[in-house]
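Let's take a friendly walk through a protein model. Keep the sequence and the 3D view open as you read.

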Amino acid sequence: MNRLRFAAWRLFFMLVSLWAIASLTFLLVAILPSNPAVAIAGPYATPEQVTQVENDLGLHDPLAQRYFEFLGRTLRGDLGTSLYDGTSINHEIAQLIPSTFELIIASLIIAVPLGIGLGALGAYFHRKFADRASSLVVGVLQSIPDFVLAVVLIYVFSAVLGIAPGPEGQLSIISVPPPRVTGMIAVDAILTGKPAVISDALSHLALPALTLGLVIAAVFARISRASLREALESDQTKFARASGLPEWRVVQYAFLTSRTPVLTYGAIIFGALFGGTAIVETIFNWNGLSQWSVTSMLRTDYPAIQGFVLVAGAITLVVFALLDVLAGFLDPRVRAQ
Amino acid sequence: MATPIVIEEAATPAARTRRHSRFTDYVGVAAGTAPIVLLLLASFFLPLPYSPTQPDPAAVTLPPGPQHWFGTDGSGFDVLSRTIASAQVDLPVAFGGALLSLIIGVPLGLLASSDRWFAHLIMRATDVLQSLPLLIVTVAVVSLAGNSIGNVIFGIVLVGAPGFIRLVRSGAIVVRSSRYVDAAIAMGCSPLRVLRVHVFPNIFSIALVQFTLATSTAIIVIAGLNFLGIGTAAPTPSWGVMIRSGADVIGQGYWWVATFPSLAVVLVVVSLNFVSRSLDDLVAGR
């Protein structure tokens, strides 16, 4: 397959998956036994009022009709309004998504070099001391759930050492939030240039980003160790060594062959991050999309839940597709499959 | 980590060199299983020093001492009693969820190893499922369908089954290309009989290793759900709820409330990962 046909095929599959995700989020609410009308009408509503709300919501319409109305609405990009406070879900998500991205990007900045570094150490010094040490670090990181790690980091850096702020969100109460440019508070602070706000925002970002970053670094380390090990053991590497290339050149070539699996799993990790941020955002009172979605779930605010799953699934699928296309451009073997 | 990430590691027994005897592996499996069995037995049969469901309002946030070995939390619960009692619910639910993932995932993985239309369907559906933030979907399912153990188990299966499907499929594809499967087909075995009699016994070890990993993921998912306030109802002790209540007061220096349930989670997860590694070596060293 040539590059363009591969990209086109991948995009087509992405669209089909998007449709599947939209249908799943519809089914999630249509099939599960909770009645949104009861949630809207409130605990003191009479049965007549509940029936009235059910009629308003169209819950008595045939399932197929509701499904196509839902699909039509979603296609127009309208995610509905919150049952809790009547705000537009689109607006709500647009407001909150930058701070979740801020957290994800910051944790990837920590995780990618650390994880690939640990993995490369393990692969290059296979079964030697450095490999054992890096495997131990990775094994420990993998056995610690993110919420435990967060609690440990808060205790050590905030309660004992006092060098990081406690779990109080993106800024201290006394800091004035910078004017909204991108919605990522640390970035906005840098763009609008207030030194005090910049350091406050960055110090609040440090612990949540470190928590997520360490957790994902362990995954990156395992993948890059396995794939770099394979590349270093290949005939190609033996040939490079036999040709008398300098060692750094040999490692560089091995790195190039090992990048495809690392990229592919990077996409999977990105998808999993939306789940991972839910817990980290909740602990650190980070005012982001995942924390909002958990709050919405506790309120059984079903349009908000649908909107979140839809947006998170869509973003993940787009990232999957982009990285696949990228991997296809970098590595012809992917296109051949 | 509550991010359930499934990593497919290629099963390449040939690439492994045997470093140690099978005996070491059996010891490893036993050593990893022991803490979990002991914890489970203790939670059911050990007489606890204090009631895990009745707080003592006179003993709030006491540090660890001779009276309360692990201290007490903000409501006056004894942390030691609750940490042990939590195993009663958390462990069986995790094992149940992982077992159901195996029961659903293995047949689907076997079916997906063929190249018929349903194989593609199963794999594409797995792709879509894995592109969703599964922890969030689990939270959504449990909060919408109601806080019951059945729904928590359903959520665990949603997170766990895709891993079984992928691993069993890649294992089964390798087995299918072997001579004895060709021979069985040549002798007129039906495709289902080939799967059941010839492929299934040879991939079961892969599924068993995955089962221990799925259980350890399930422990983390359950604790994560409880941590977010979903799953177990208030007086029932669970590690996630305990860690949450500890996380809320850790800024004031009450480290013991969150530490001991966290250690319990880490102990169980490390033990299970240890069992899975030893099992994996055992399988690969055949």
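Angles between axes under 35 degrees count as roughly parallel, over 145 as roughly antiparallel, 65 to 115 as roughly perpendicular and the rest as oblique. The axes are lines fitted to C-alpha atoms, for helices over the stretch in contact, and the angles run from 0 to 180 degrees between N-to-C directions. Helices (H or I, at least four residues) and strands (E, at least two) are DSSP runs, numbered from the N terminus.

This is a predicted model, in which local features need pLDDT of at least 70 and side-chain atom pairs count only at pLDDT 80 or more, while totals for chains, interfaces and linings use all residues. Residues are numbered from 1 along each chain as its sequence is written, chains are lettered from A and ligands numbered from 1 in the order in which they are written, and side-chain values use heavy atoms, leaving out hydrogens and water.

**Two helices that cross**

Start in chain A with helix H1 (residues 3-31) and helix H4 (residues 63-75), whose axes come within 11 Å and cross at roughly 130°. H1(A) and H4(A) are therefore oblique to each other. Their crossing is right-handed (the near helix is turned clockwise from the far one by less than a right angle).

Which residues make the contact (heavy atoms within 4.5 Å)? H1(A) brings Trp19(A), Ala22(A), Ser23(A), Thr25(A), Phe26(A) and Ala30(A), and H4(A) brings Leu63(A), Arg66(A), Tyr67(A), Phe70(A) and Leu71(A). Sorted by kind, these are eight nonpolar, two polar and one charged. Here Ala, Val, Leu, Ile, Met, Phe, Trp, Tyr, Cys and Pro count as nonpolar, Asp, Glu, Lys and Arg as charged, and the others, Gly among them, as polar.

**Two loop residues with positive phi**

Next, look at two residues of chain A that are not glycine yet have a positive phi. Buried means under 20% relative accessible area, exposed over 50%, and partly exposed in between (1.4 Å probe, protein chains only).

| Residue | Phi | Loop in chain A | Relative accessibility |
|---|---|---|---|
| Arg127(A) | near 65° | between H5 (89-124) and H6 (129-143) | 38%, partly exposed |
| Asn285(A) | about 50° | between H11 (247-283) and H12 (289-298) | 40%, partly exposed |

**Chain B as a whole**

How many helices and strands are in chain B? There are nine helices and zero strands. The C-alpha trace of chain B spans about 75 × 45 × 30 Å along its principal axes. Of its 286 residues, 53% count as buried. Among contacts in chain B between residues at least 6 apart in sequence, 73% join residues at least 24 apart.

Notes. Contact means heavy atoms within 4.5 Å.
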